[in-house]
Amino acid sequence: MTLAQQLTRFESLLSGIDSALLASLAPGLDDSGVEALRRALAPTELSAQVEVLYRWRSGGPLPLFFGRAMATPKRLAGATAAAEEGAGLVDGIPVFVGGDGGAVADLEFLLSDLCDSAEAAGDSPYERRAALTGSAPVRPCTTTAADAAETRTIADLVEQSHEAEAVGTVGGRIVDAWDSAGYVEFRLADASHTLVLGIRDPDHESLPALGQELLMTVRIRKGATAITEPIDPRRPSVLGAVPADYLSHSAF
């Protein structure tokens, strides 16, 4: 396959795992953007394979490349220190950020390895994401027989909310969290869907933690739908999640 074909394959894989993963990557550069990047990198030459990559997407915060993130054009232009260290270099350009990997000789091979590793991890989107990021798998929460009668999947609760306000307990894991003064926002996911919940003036000691599996009681307002436009450009990962109100939680 060519690099362009591998990127199409990678894009399809990300969409199948979680649409928010692909949405976390900024749109690709147009001709003027590529020329601006070329000038900013000078005297380092913008190679053909790096140009193809940045015409596809132009950076993002998530470590989707075996635990490394793709640098933004602005970071590329100012990352001389990273270039000197040799970390994440592609043709002398510090394309990848974080992780322990060294230079990448061929992006086509890297994309092929990424896709092969994710597909070999199985059909579970949680296992596939873990293969890309090098993180511990994010598994759906399982319930005991006693819990099963009162615990719903997120998808079931979302479907109920199409007709009326829905309140129920779901089992899942906190897969993303963000906080600022007086506000906390996090994503709760199970195998069926994802919720995004915000809490104002939170008691941090009692809040669920990133990665925690739990049973959470939530309220989804009538007619709630998945977020398709960024609420905050810094938080693209909420895309694809349905807003809900946090009521309470207990450890699984």
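This passage describes the nonpolar cores and helix packing of a predicted model. Local features were accepted at pLDDT of at least 70 and side-chain atom pairs at pLDDT 80 or more, whereas totals for chains, interfaces and linings use all residues. Residues are numbered from 1 along each chain as its sequence is written, and side-chain values use heavy atoms, without hydrogens and water.

The largest nonpolar core (buried Ala, Val, Leu, Ile, Met, Phe, Trp, Tyr and Cys residues joined through side-chain atoms within 4.5 Å; buried means under 20% relative accessible area with a 1.4 Å probe, protein chains only) holds 36 residues, of which F10 and Y54 touch the most other members. Two or more residues each come from α1 (3-17), α2 (19-23), α3 (31-41), α4 (48-56) and α7 (107-120), helices being DSSP runs of H or I of at least four residues and strands E runs of at least two. Beyond four places in sequence, F10 is in contact (heavy atoms within 4.5 Å) with W56, L64, F65, L111, L114, C115 and L132. A second, separate core comprises 20 residues, including L157, V158, F186 and L195.

In α7, the buried residues are L107, L110, L111, S112, L114, C115 and A118; these pack against α1, α4, β2 (89-90), β4 (96-97) and α8 (125-133). At the start of α7, a side-chain oxygen of D106 lies within 2.8 Å of the backbone nitrogen of E108. G122, with a positive phi near 115°, follows α7.

The axes of α1 and α4 (lines fitted to C-alpha atoms over the stretch in contact, with angles from 0 to 180 degrees between N-to-C directions) come within 10 Å and cross at roughly 35°. At this interface, L3, A4, L7, F10 and E11 of α1 meet Q49, V52, L53 and W56 of α4.

How values were computed
Buried < 20%, exposed > 50% of the residue type's maximum accessible area, 1.4 Å probe, protein only. Polar contact = N/O pair within 3.5 Å; in protein donor to acceptor, adjacent residues only side chain to side chain.
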